[in-house]
Amino acid sequence: MPPLLDLLTVTPDLLALGEPTHGESAFLQLRNEAFMTLAEHGYRSIALESDRAAGLIADEFVQGGAVPLDRALTEGFSHGFGAAPANRDLLLRMREWNAGRPIADRLTFHGFDAPVELESAPSPRRHLHQVCHFLGLDRSAEIDDLVGDEARWSDPAAIWEPGRSVGLTTDAQRLRVVADDLLTELYLRAPWKSAGWPAAFVHATSAVALLRYHAAAAAPLARQQRFARLAGVRDALMAENLLAIRAVEAHRGPTLAFAHNTHLQRHPSTMTMDGTEVSWAGAGAIVAALLGDRYAVVVGSLGASPALGIGEPATSTYEGRLQQETRVPRYLPASDIAAAEQRTHDYRYFPLNQATIDHADVVLHIPTGVDATVLADRIVALPGVEQVVASEETGSPEAARGDRFFYVGPDRRQPFATIVEHDVPGFDEAGQLDRPGVFRLNLDLGRAEFERQFGFPPKAFEEHRHEFDFARLDTLMPHPGYALYGFGSIVMPGPQLLPEIDRLLAVAHGRAVDRHERAARRTTHPQSGA
């Protein structure tokens, strides 16, 4: 894969990397690789499609603070994104980078989304209380009285039915004045309260954002126009956050933004609702208009996703043609992509089209996501391989059912590869394989390949165990239970690793073939006894 920056005509202040769907881990895994590479070229911050105020918690972990990882994942992300294994890896890799570095060289984590969900938005109570606490003001009773019952704010019907929204009530209008007053007070006190001021400012602007969003929800519009208005307001709030993040980060280096393509593309976003196409300016369209060539866009493209049930594209489509050009992830200049048909799509995937390509700088095409079945198919394609899937019929314990074992030869004494999707309590829990969608590929590397990869022989593993995070994705490491026998493992390898996986599979398969042939020779020519 060529270096991403080499494909850009100028180095942008804000580089956007999009994904065409949520839920395909390959994009997050490649995002992690891209960001850590960009960090070597001066990038010092990343901004994700996640609540900006929540991101303060994730960043405290990244900066080496006392926030535990579990809290950083559950409270530091919105939309449930903290459950994605690749987001765990991102926080850990950023924290490791930051250890021992001066503040100017540290990586910073930001969310740039508003604190809203697709069909609900909370009240601004929590954010207003945070600002009051920072300022030492006691306005809790006033705020609580105006907010009232939290349920009237978070009710999903309030988003879709104007009459149910509190956004234009007298209470909401008075809260907007309170929020504006607190913002003014923040600036007035900045000379004496600079420590903690940026976080308080984020909470203040989050409160304002929520009140703006609820006001938009109260507008008496038809369903389609209502959706477009709310989507546009959310993207406007995202754009405002991105510009604020760049103002904070400008002196430290460029920022990588990661989100759905529709939030980052330069041209208007569209969606069909009830047979009507609605359109609005996404955050990328707004930011591009204000930053010009200081903003660059890489749009994501996907061939197939076993995890999402997305099959191979037709060869006449943009994605289908890209599939024919490469079977590994690849960045391509958007100007090099010829016109093609638009792929049929549903809510799971927003396909490439001519407008997307015309307004992008680069396209990242991922031919396929990787799951256990994709890897199993590659393994059974090797000569003489048999697969055994653990089940009740095979006498396997319940905890191992569904795990896959690969053999050469009928005796099935020693697998050369396994794919497991479960922890074994009390024996093998370090990989955290019980997380949804997580699996691990295990390979019999043998002593020579093991030592070449890790710098020590299998027998010395216990002396080095503490050096490894066995739950990390995309990383070849000793097997936490069978390293002494020369086994290595990779948790959830992304598609960028498939060429190296094929090489390691050839090593492991070759060892299995040798064992099988030696066993066959012993059976054919047994040694004579005395």
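Q: In which sense do strand β2 and β3 pair, parallel or antiparallel, and over how many bridges?

A: In this predicted model, strand β2 (residues 45-51) pairs with β3 in the parallel sense, over 5 bridges. One of the residues to locate is Leu 48, whose bridge partner in β3 is Gly 111.

Q: Which residues of strand β3 are buried on one side and which on the other?

A: The general idea is that side chains in a regular strand alternate between the two faces of the sheet. In strand β3 (residues 108-113), Thr 108, His 110 and Phe 112 lie buried on one side, while Phe 109, Gly 111 and Asp 113 are buried on the other. Both faces are thus covered, and 6 of the 6 residues of β3 are buried.

Q: Which residues of helix α5 are buried, and what do they pack against?

A: An α-helix has 3.6 residues a turn, so residues three or four places apart point the same way. In helix α5 (residues 125-135), the buried residues are Arg 125, His 127, Leu 128, Val 131, Cys 132, Phe 134 and Leu 135. These buried residues pack against α2, α6, α9 and α10. Just after α5, Gly 136 adopts a positive phi of about 75 degrees.

Q: At what angle do helices α16 and α19 pack, and which residues make the contact?

A: The angle between α16 (residues 372-380) and α19 (residues 498-524) is about 40 degrees, and their axes are 11 Å apart. The two helices are therefore oblique to each other, and their crossing is right-handed. Leu 375, Arg 378 and Ile 379 of α16 meet Leu 498, Ile 501, Asp 502 and Leu 505 of α19. Of these contact residues, 5 are nonpolar, none is polar and 2 are charged.

Terms used:
Residues are numbered from 1 along each chain as its sequence is written. This is a predicted model: local features need pLDDT of at least 70, side-chain atom pairs count only at pLDDT 80 or more; totals for chains, interfaces and linings use all residues. Side-chain values use heavy atoms; hydrogens and water are left out. Axes are lines fitted to C-alpha atoms, for helices over the stretch in contact, and angles run from 0 to 180 degrees between N-to-C directions. Helices (H or I, at least four residues) and strands (E, at least two) are DSSP runs, numbered from the N terminus. Angles under 35 degrees count as roughly parallel, over 145 as roughly antiparallel, 65 to 115 as roughly perpendicular and the rest as oblique. A crossing is left-handed if the near helix is turned anticlockwise from the far one by less than a right angle, and right-handed if clockwise. Contact means heavy atoms within 4.5 Å. Ala, Val, Leu, Ile, Met, Phe, Trp, Tyr, Cys and Pro count as nonpolar, Asp, Glu, Lys and Arg as charged, and the others, Gly among them, as polar. Buried means under 20% relative accessible area, exposed over 50%, partly exposed in between (1.4 Å probe, protein chains only). Two strands pair if DSSP finds at least two bridges between them.
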